[in-house]
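Work through the exercises below with the sequence and the structure side by side. Try each task before you read its solution.

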Amino acid sequence: MRGHAVLLIGVPALEEWVRDRTAFYDPAFVSADPLFAHAHITVLAPCPPERALLERVAAAVEPFSYVLRRLDVFPDGVVHLVPEPAEGFAALTAAARAAAPQVAPYWGRAEPTPHLTLDRLGSSVTRESTRESVAGLLPARGRADELLLTWWEAGWCRVLGAAPLGGGVPEKISAL
């Protein structure tokens, strides 16, 4: 697979930490695009790289605030933060799935659960080591007011477009 599109909400409060982690593990996925959100909460992946989908999903949900403070681990070892409340993210995912019913989230491997990925358990990574590493940044408060359509491909991660939540006037939208 060459690459894929992802609908997501960027999390600026954790951008530097996640970007540094990405650079450590897989520098090919560090984007030079200043609008790209390495730190994010996925709404739907993969998804069609279509502006109409981006705008339809964004218009379906009003902006909302959230906080990231609780660290958890999925059964596959992915260490992540859980957004609270998660309802806004769940509403975005439901709108995306309704708009693109042909998409199997995560290629059919898992059902979408709102989260921000931090790391994966391994010989040098534990729940506790990750908690200690990110502790100075928590709680991270955010406001979801813009949905991004991004492209993920080694050496070419970038933002394809952006749309305001609630159907407001876009501040910045790049060409698809």
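The exercises that follow concern a predicted model, and each solution proceeds step by step.

**Exercise 1. Confidence**

Find the mean pLDDT of the chain and the share of its residues that reach 70 or more.

Solution. Begin with the chain as a whole, for which the mean pLDDT is 94, while 94% of the residues reach 70 or more. Then turn to residues 172-176, where the pLDDT is below 50, although this stretch has 19 contacts in the model beyond near neighbours in sequence.

**Exercise 2. The surroundings of His38**

Locate His38, decide whether His38 is buried or exposed, and list the residues that His38 touches.

Solution. First, place the residue: His38 lies in the loop that runs between α1 (15-25) and β2 (40-47). Second, consider its accessibility, for which the relative accessible area is 5%; because buried means under 20%, His38 counts as buried. Third, follow the side chain, which makes a polar contact of 2.6 Å with the side chain of Glu15 and also reaches the backbone nitrogen of Ser31 at 2.9 Å. Finally, leaving out residues up to four places away in sequence, His38 touches Glu15, Val18, Arg19, Phe29, Val30 and Ser31.

**Exercise 3. Two pockets**

Describe the largest pocket by its volume and the classes of its lining residues, and then do likewise for the second largest pocket.

Solution. Start with the largest pocket, which holds about 1100 Å³ of space. Its lining is made up of 28 residues, and those closest to its centre are Val78, Tyr106, His115, Thr117 and Arg120. The elements that contribute two or more residues to this lining are β1 (4-10), α1, β2 and β5 (116-120). Sorted by class, the lining of the largest pocket has 13 nonpolar, eight polar and seven charged residues.

Next, take the second largest pocket, whose volume is about 270 Å³. Here 20 residues form the lining, and Gly10, Val11, Pro12, Glu146 and Leu148 lie nearest the centre. At least two lining residues come from each of β1, β6 (140-144) and β7 (146-152), and the largest share, four residues, is supplied by β6. The classes in the lining of the second largest pocket are 12 nonpolar, two polar and six charged residues.

**Exercise 4. Cis peptide bonds**

Determine where in the chain Pro46 and Pro139 are placed, and describe the peptide bonds from Ala45 to Pro46 and from Leu138 to Pro139.

Solution. Take Pro46 to begin with, which is found in strand β2; the peptide bond that leads to Pro46 from Ala45 is cis, with omega near -10°. Then move to Pro139, which is placed in the loop between α4 (127-134) and β6; the bond joining Leu138 and Pro139 is a cis peptide bond, with omega about 0°.

**Exercise 5. Positive phi values**

Give the phi of Tyr106 and of Trp107, and decide how exposed Trp107 is.

Solution. Look at Tyr106, which has its place in the loop between α3 (87-99) and β5 and has a positive phi of about 50° although it is not a glycine. Tyr106 also appeared in Exercise 3, among the residues closest to the centre of the largest pocket. Continue with Trp107, which is likewise in the loop between α3 and β5 and, although not a glycine, has a positive phi of about 55°. For the last step, note that the relative accessible area of Trp107 is 35%; because this value lies between the cut-offs of 20% and 50%, Trp107 is partly exposed.

Terms used
Residues are numbered from 1 along each chain as its sequence is written. This is a predicted model: local features need pLDDT of at least 70, side-chain atom pairs count only at pLDDT 80 or more; totals for chains, interfaces and linings use all residues. Side-chain values use heavy atoms; hydrogens and water are left out. Buried means under 20% relative accessible area, exposed over 50%, partly exposed in between (1.4 Å probe, protein chains only). A polar contact is a pair of N or O atoms within 3.5 Å; within protein, one must be able to donate a hydrogen and the other to accept it, and residues adjacent in sequence count only if both atoms are side-chain atoms. Contact means heavy atoms within 4.5 Å. On a 1 Å grid over the protein atoms alone, a cavity is a set of points where a 1.4 Å probe fits but cannot get out, and a pocket is an open set with protein on both sides within 12 Å along at least five of seven lines; lining residues have an atom within 4 Å of a point. Grid points are joined across faces, edges and corners, and a volume is the space filled by probe spheres set on the points. Ala, Val, Leu, Ile, Met, Phe, Trp, Tyr, Cys and Pro count as nonpolar, Asp, Glu, Lys and Arg as charged, and the others, Gly among them, as polar. pLDDT is the predictor's confidence in each residue, from 0 to 100.
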